[in-house]
Amino acid sequence: MTDAPDGPSGPRRAGGPFTVMAKPIGPRCNLDCRYCYYTEKQRLYPRNTGLRMSDETVEVFVRDYMTSQAGPEITFVWQGGEPTLLGLAFFEKVVELQRRHRPAGTIVRNALQTNGTLLDRRWARFLRNEGFLVGLSIDGPRRLHDRYRVTRKGAPTFDSALGALRLLRDEGVAFNTLTVVHRHNAARGRAIYRFLRGEGVRYMQFIPLVERHRPDGSLAGPPAQDPVAAVAPWSVPPGGFGTFLCDVFDAWVRHDVGAVSVQLFDVHLALWAGLPPGLCVFAETCGRCLVMEHNGDVYACDHYVYPAYRLGNLRDKSLRALADDPAQRRFGHDKREGLPRACRNCAFLFACNGGCPKHRFARTADGEAGLNYLCPSYRRYFAHVAPTMRRMAASLRGPECGTADRP
């Protein structure tokens, strides 16, 4: 392998920190969620029916990623597809490799995103004992969850997902829930929050579903790649995500501040307090969250796994070299440069920064391109939470720090 990273004071620090989301089984999944954006990536690897990360690639990845990280903690993120299809032995091997290659004085952590349908007690005890943080996909109560999250035979999966939640909870595994907000659950924010809260969930993530279709029915790529495409019917309405977040916020702020963590509320409280965001969607620039497929191919972002955004392969270049590639640096900075005038003049620019570039296919009131499809949602949500966020941020900073210049 070429371009090996240098030591702590060398080039490996030049571009700043970055993360890699590993897809060890690529887009393979045991479910057929109707809205999934990733299973179609199998088209990128038509000759590879296994889509399984080899032992050699795993070791190269673990070693290279550890070398590339400069901080005291190194976090590996495993996603898919459905990574538990690889079996428990795969992750036991991962942990063994991490112990073997861990730099002295560092702490290694792992995060695993799963639909939960293959988890059992043996899995849960391994995840707990090895300190994995598990993200469990669940879209709310039975009727809402089963709308799109079904097996390949069309069978519902709610019972399996809820069983996994209770297993993780009862076995003491660190976990959070990930709920996809789509057209058919966007108006049920309060009910979904109460359902999750009632199941003892203390850490929640809510992500908006926004996808488009090409004329041939396949999912569209980024706006620059597919400027003309129709919004997929299951996508959350432009203002629907805002309605959802406001409903959740009202339920959370009345009873659960300090008891429940909602990722987006934490992110925006930090921004109101003048701190960096903890989520790339709301950062001024992006490009530091790479994705690695099962064969070592590295792409610009989880939402940009397309041939035009392939940076190279782990076998040919180090992860640090790929993260600092000029094309990737331009990709990250283009987020800031591509904002329409309406965004640059918006009072909530500090909290939004235009959102994810893949969602910037709408137009402003005066016809300028590049507006985020979710702009109506973000504006409603930010206006709704601003007074509370301002008070909470002032409390975090303390009276001696004054107030930040935030609406």
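This text walks through one helix, one pocket and one cavity of a predicted model.

Let's start with the helix α10, which runs over residues 326-337. Its twelve residues reach 16 Å from the first C-alpha to the last, close to the 16 Å expected at 1.5 Å a residue. Look next at which of its residues face inward: Gln328, Phe331, Gly332 and Lys335 are buried. Seen down the axis of α10, these buried residues fall within an arc of 90°, so they line one face of the helix. The spacing fits a familiar pattern. An α-helix has 3.6 residues a turn, so residues three or four places apart point the same way. On the inward side, the buried residues of α10 pack against β10 (289-292), β12 (310-313) and α9 (319-323). Turn the helix around, and the face away from the buried side carries Pro326, Arg330 and Glu337, which are exposed.

From here we can move to the second largest pocket, since α10 gives the most to its lining, with three residues. The other elements that give two or more residues are β13 (362-363) and β14 (369-371). The pocket holds about 450 Å³ of space. It is lined by 20 residues, and Pro223, Ala224, Pro357, Arg360 and Gly370 are the closest to its centre. By type, the lining divides into 13 nonpolar, two polar and five charged residues.

Finally, there is a space closed off inside the protein. The structure holds one cavity of 30 Å³ or more, and the largest cavity has a volume of about 40 Å³. Val210, Glu211, Arg212, Ala220, Gly221, Lys358, His359 and Phe361 line this cavity, a set of three nonpolar, two polar and three charged residues.

Note on methods
Residues numbered from 1 in each chain as written. Predicted model: local features only at pLDDT ≥ 70, side-chain atom pairs only at ≥ 80, totals over all residues. Heavy atoms only, no water. 1 Å grid on protein atoms, 1.4 Å probe; cavity = no way out; pocket = protein on both sides within 12 Å on 5 of 7 lines; lining within 4 Å. Points joined across faces, edges and corners; volume = space filled by probe spheres on them. Helix = DSSP H or I, 4+ residues; strand = E, 2+ residues; numbered from the N terminus. Nonpolar A, V, L, I, M, F, W, Y, C, P; charged D, E, K, R; others polar. Expected span 1.5 Å × (residues − 1). Buried < 20%, exposed > 50% of the residue type's maximum accessible area, 1.4 Å probe, protein only. Arc of directions from axis to C-beta. Contact = heavy atoms within 4.5 Å.
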